[in-house]
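Q: I'm new to this one, so could you take me through a single part slowly? I'd like a close look at how the side chains pair up.

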Amino acid sequence: MLALTLSAQAFVAPAMRAPLAPSRVVMSEEAPVVPEAPATPTLNGWTYDPKAFVGGLPGAIAPLGKFDPAGFCSDKSLSEIKRIREAEIMHCRVAMLAVVGYLVGEAVAPLTGGNFIAPTSISGPANSHLGQQNLFAFTALTITIGVGELYRALVGWVPPTESAFTIRENYYPGDIGFDPLGLKPSSPAEFKAMQERELSNGRLAMFAVAGFCVQEIINGKGIVENLLS
């Protein structure tokens, strides 16, 4: 009996299984990656980078490189970085003019007995030349400086009624558009190189004019006289 039972079970047809539904794989189409536009405008080849030294502005020049031991430029906003560079570049330019003024002024005054602004008698060290100007010459110099500073403020700074001490977003520090000789390069790389030369000479000039001023205060002699003696 057991053998017959096992034989009968061996011939039982297997149960029918329901056919599997064909699987459908849905392929999602990825959108093309579009590079994000910079949050700030690119000015003369420079785009503000908050992770870079001084926002990526030119000026980290050998041998000192990224020299900021006091941390003046650390954790600063774009407007603050531009304001600091604006102050530096303008002081650089004034110092370079001052160096020329010290040397040329002291060399010319003994020969002509006058100066470049008005026919006023000038003598002695350059530290005292401004005080020897007459009222007309001093007024003309003051108005000239005031007009230049007003123009710079209108070009580069947001009106104080809107925001105090704020540089315009589309203004590159120091680039007021005054280039009568067409010396400004059109290439960003050449502009960066020229700006670094200007900063190098300007930083040296700031030290030089400070030395000129102190030297004349100490011994009462002009720089040219000190060089010739």
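A: Here is a walk through the aromatic rings, followed by the charged side chains. Keep in mind that this is a predicted model.

Let's begin with the rings. A pair of aromatic rings is described by the distance of the centres and the angle of the planes. There are four aromatic pairs here. Take W46 and Y48: their ring centres sit 6.5 Å apart with the planes at 75°, so this pair is edge-to-face. Both partners are tucked away, since W46 is buried and Y48 is buried too.

Now look at Y172 and F191, which also make an edge-to-face pair, with 5.3 Å from centre to centre and 80° between the planes. This one links distant parts of the chain, 19 residues apart: Y172 is in the loop between α3 (135-156) and α4 (188-219), while F191 is in helix α4 itself. Y172 has a relative accessibility of just 4%, so it counts as buried. F191 comes in at 10%, so that ring is buried as well. Put the picture together and you get a cluster, with W46, Y48, Y172 and F191 linked by ring pairs.

On to the charges. The structure has six salt bridges, and helix α2 (residues 78-112) is a good place to start. There, E88 and R85 form a salt bridge, their closest N and O atoms 3.1 Å apart. The two are three residues apart in that helix, about one turn. Their surroundings aren't alike on paper: E88 is partly exposed, at 22% relative accessible area, whereas R85 counts as buried at 5%. R85 and E88 also belong to a network of salt bridges that takes in R203.

Next comes E86, which forms a salt bridge with R152, the closest N and O atoms being 2.7 Å apart. E86 belongs to helix α2 and R152 to helix α3, so this contact ties together parts that are 66 residues apart in sequence. E86 is buried, with 1% relative accessibility, and R152 is buried too, at 14% relative accessible area.

R152 has another partner: its side chain meets that of E149 in a salt bridge, 2.6 Å from N to O. These two sit three residues apart in helix α3, so about one helical turn separates them. With a relative accessible area of 37%, E149 is partly exposed. So R152 is the residue to click on if you want to follow both contacts, one reaching E86 in helix α2 and the other staying within helix α3.

Notes. Residues numbered from 1 in each chain as written. Predicted model: local features only at pLDDT ≥ 70, side-chain atom pairs only at ≥ 80, totals over all residues. Heavy atoms only, no water. Phe/Tyr/Trp six-rings, centres within 6.5 Å; stacked < 30°, edge-to-face > 60°. Buried < 20%, exposed > 50% of the residue type's maximum accessible area, 1.4 Å probe, protein only. Helix = DSSP H or I, 4+ residues; strand = E, 2+ residues; numbered from the N terminus. Salt bridge = Lys/Arg side-chain N within 4 Å of Asp/Glu carboxyl O.
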